[in-house]
Amino acid sequence: MNVNVDRLQEGLRTKRFGKNIIFLREVGSTNDLAKELAGYGAVEGMVVVAETQTVGRGRLDRGWVSPKGGLWFSVVLRPKVRAGEAVRLVFVAGLAVAEVLRELYGVRVETKWPNDVLVKGRKVCGILTEMNTTGEKVNYVIVGVGVNANFDVKKVFPEDLKTVATSLENELGRKVRLEELFRALLEKLENIYALFLKEGFGPVLGKWKTYAGFLGCQVEVASGTEKWVGLALDVENDGALIMRLEDGTVKRVFVGDVTLRSR
Ligand code: BTN
């Protein structure tokens with residue numbers, strides 16, 4: 001990735017996020033290293049960023065392909081909220097990414113429940129939040145963000161991902177300045193996280209929904225071995241996706257993958 005950490009930190013307008021950055025050419029997973037460091041007491045805002053990940057991880061035990069040219073990083077958070085609240089941090093991160101991509105590059109971004117950021121229906125960023133708790137007490141949360149930035153997905157991704165993923169390079173037809181993107185993301189994440197801590201989830205969810213192109217659409221939701229088809233009605237304050245199924249019943253889904261069937 002070739003981020004010059006000193007230069008990045010000089011221009012970084014944050015209080016805590018990114019004041020400590022560990023940059024590695026290669027790592028298994030930035031989330032795993034951040035977790036380990038958090039276990040040793042790493043402070044809130046510490047960041048691990050890597051040029052490539054050899055075993056990048058996605059949601060639901062999937063892998064995450066992490067070639068050179070992407071932005072792969074994880075932030076340690078120590079929110080003083082209960083575990084049930086902290087699960088909403090995935091929306092904080094999704095909103096931060098959506099706003100930054102729109103502001104920096106003017107692309108039409110969409111959020112997709114629960115953790116994706118899309119451009120023209122294809123995934124440009126994924127977010128993996130992982131929590132360590134003692135009962136309802138949150139010890140730390142790792143927010144891992146993967147942005148497909150400076151590579152061509154058609155050249156570097158496996159066949160099955162080529163039609164569902166995209167990159168900033170594919171969308172903009174040029175490479176982006178990773179340092180600028182990284183700095184903007186850290187600043188935005190810190191701001192939206194502060195909003196979440198101060199005012200609760202409502203304002204964050206409200207803004208997140210303004211990007212949620214799937215709301216009002218026919219979707220298919222897969223969760224484990226189950227599958228539901230229906231209209232995506234809303235995302236509620238507890239983070240659940242509300243659907244109206246084809247038989248008219250209303251279903252609340254907490255974990256799953258959404259595929260759009262029609263707009
Ligand atoms: C998903 O969409 O399934 C989530 C993908 C999250 C990928 C990022 S890349 C940085 C961090 N380290 C990981 O191993 N995963 C997250």
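How do the residues of the shell around the ligand divide into nonpolar, polar and charged? The shell holds five nonpolar, 11 polar and four charged residues. Here Ala, Val, Leu, Ile, Met, Phe, Trp, Tyr, Cys and Pro count as nonpolar, Asp, Glu, Lys and Arg as charged, and the others, Gly among them, as polar.

This is a predicted model, where local features need pLDDT of at least 70, side-chain atom pairs count only at pLDDT 80 or more, and totals for chains, interfaces and linings use all residues. Residues are numbered from 1 along each chain as its sequence is written, and side-chain values use heavy atoms, with hydrogens and water left out.

Start at the ligand. It is surrounded by 20 residues (each with a heavy atom within 4 Å of it). The closest are S29, Q53, R57, R59 and K123. Strand β6 (122–134) gives the most to this shell, with four residues. Helices and strands are DSSP runs (H or I, at least four residues; E, at least two), numbered from the N terminus.

Now look at polar contacts, pairs of N or O atoms within 3.5 Å; within protein, one must be able to donate a hydrogen and the other to accept it, and residues adjacent in sequence count only if both atoms are side-chain atoms. The side chain of S29 lies 2.8 Å from a ligand oxygen. The side chain of T30 lies 3.0 Å from a ligand nitrogen.

N115 sits in the loop between β4 (109–112) and β5 (116–119). A polar atom of its side chain is 3.4 Å from a ligand oxygen. The N115 side chain also reaches the backbone oxygen of I127, at 2.7 Å.
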